[in-house]
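Subject: Structure handover

Hello,

Here is the structure we spoke about handing over. My notes on it come after the model.

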Amino acid sequence: HPKSFRLLPALPKPSSHGITNYQRTNGGTLGGIAQVLSGQPFDTVKVRLQTQPDKYNGALDCIRQTLKHEGPFAFYKGTLTPLIGIGACVAVQFAAMESAKRKLSHLSTNPQLVLSGAFSGIATAFLSCPIEHVRSKLQVQTTTSAYKGPSI
C-alpha cells in the first residue's frame, strides 16, 4: 500500500471497557441535558439580540431588561423542547456514527471518522433543526404568548 496522506495523526482504536451502547447513549443524553441547562440563558440572550437588535443596547442591557420585565425564568423559555429532543438527537447521532463507521471500515481511520462524523451530523440535523426552530420562537416571546409550545 502506498503511504496515505493523513490530515490528523492516527488515533488509537477505542477500547469499549465493557461499556454498552445503552450506557453510551445515556451518558450522551445526560451530557446533552447539562449542556442545554447551562447554555440556555446565553442562548436566550443571543437569540433576542439577533432577532430584536433595536430593543437592546448589548448583552448586559438584554439581561437587565429580561430580569426586570420577565424575571429569571425568562432565560429558560423554550428549554423543554431541546430537553425532550436531546435524547433522540444523541441516539440518532450515535447510531448514525456507528453505522457509518461499519460501512466505511475499509477506509483508514481519519477518512472513516471524518465521513462518519459528517453523516452523523447530517442525520442529526433532521431532528435538531426543527427543535431549535421551536426553541427560538419561544425564546423571543417577551410578554405575549404568540407561540404555544413546551416551555418551563
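The notes below cover charged pairs, cysteines and helix packing, in that order.

Please keep in mind that this is a predicted model.

Salt bridges

Side chains of opposite charge can pair when their charged atoms come close. The structure holds six salt bridges.

One of them joins Arg48 to Glu70, with N and O 2.8 Å apart. This pair ties together distant parts of the chain, since Arg48 belongs to helix H1 (residues 21–51) and Glu70 to helix H2 (residues 59–70), with their positions 22 residues apart. Arg48 has a relative accessible area of 1%, under the 20% limit, so it counts as buried. Glu70 comes out at 22% and is therefore partly exposed, as it falls between the 20% and 50% limits.

Glu70 also takes part in a salt bridge with Lys77, where the closest N and O atoms are 2.7 Å apart. Lys77 is buried, because its relative accessible area of 18% is under 20%.

Another salt bridge is formed by the side chains of Lys101 and Glu98, at 3.3 Å from N to O. Both residues lie in helix H3 (residues 80–103), three residues apart, which is about one turn of the helix. Glu98 is partly exposed, with a relative accessible area of 32%.

There is also a network of salt bridges, which links Asp43, Lys46, Glu132 and Arg135.

Surroundings of Arg48

What does Arg48 touch, apart from its neighbours within four places in sequence? The contacts are Pro53, Tyr56, Cys62, Thr66, Glu70, Ala74, Lys77, Gln139, Val140, Gln141 and Thr142. Both Glu70 and Lys77 are in that list, and these two residues are themselves joined by a salt bridge.

Cysteines

A disulfide is a covalent bond between the sulfur atoms of two cysteines. The structure holds zero disulfides. For Cys89, the nearest cysteine sulfur is that of Cys129, 9.3 Å away, and Cys89 is in no disulfide. Cys129 is likewise in no disulfide, its nearest cysteine sulfur being that of Cys89. The cut-off for a disulfide is 2.5 Å between sulfur atoms, so a pair at 9.3 Å does not qualify. Cys89 counts as buried, at 10% relative accessibility.

Helix packing

Two packed helices are described by the angle between their axes and the distance between the axes.

How do H1 and H3 pack, in angle and in distance between axes? The angle is about 140° and the axes are 9 Å apart. H1 and H3 are therefore oblique to each other, and their crossing is right-handed. On the H1 side the residues that meet H3 are Arg24, Thr25, Gly28, Thr29, Gly32, Ile33, Val36 and Leu37. On the H3 side they are Pro82, Leu83, Ile86, Gly87, Val90, Ala91 and Phe94.

H1 also packs against H2, at an angle of about 105° and with 10 Å between the axes. That angle makes H1 roughly perpendicular to H2, because it lies in the range from 65 to 115 degrees. H1 contributes Val45, Arg48 and Leu49 to this contact, and H2 contributes Ala59, Cys62, Ile63, Thr66 and Glu70. Arg48 and Glu70, which form a salt bridge, are thus both among the residues of the H1 and H2 contact.

Regards

Terms used: Residues are numbered from 1 along each chain as its sequence is written. This is a predicted model: local features need pLDDT of at least 70, side-chain atom pairs count only at pLDDT 80 or more; totals for chains, interfaces and linings use all residues. Side-chain values use heavy atoms; hydrogens and water are left out. A salt bridge is a side-chain nitrogen of Lys or Arg within 4 Å of a carboxyl oxygen of Asp or Glu. Helices (H or I, at least four residues) and strands (E, at least two) are DSSP runs, numbered from the N terminus. Buried means under 20% relative accessible area, exposed over 50%, partly exposed in between (1.4 Å probe, protein chains only). Axes are lines fitted to C-alpha atoms, for helices over the stretch in contact, and angles run from 0 to 180 degrees between N-to-C directions. Angles under 35 degrees count as roughly parallel, over 145 as roughly antiparallel, 65 to 115 as roughly perpendicular and the rest as oblique. A crossing is left-handed if the near helix is turned anticlockwise from the far one by less than a right angle, and right-handed if clockwise. Contact means heavy atoms within 4.5 Å.
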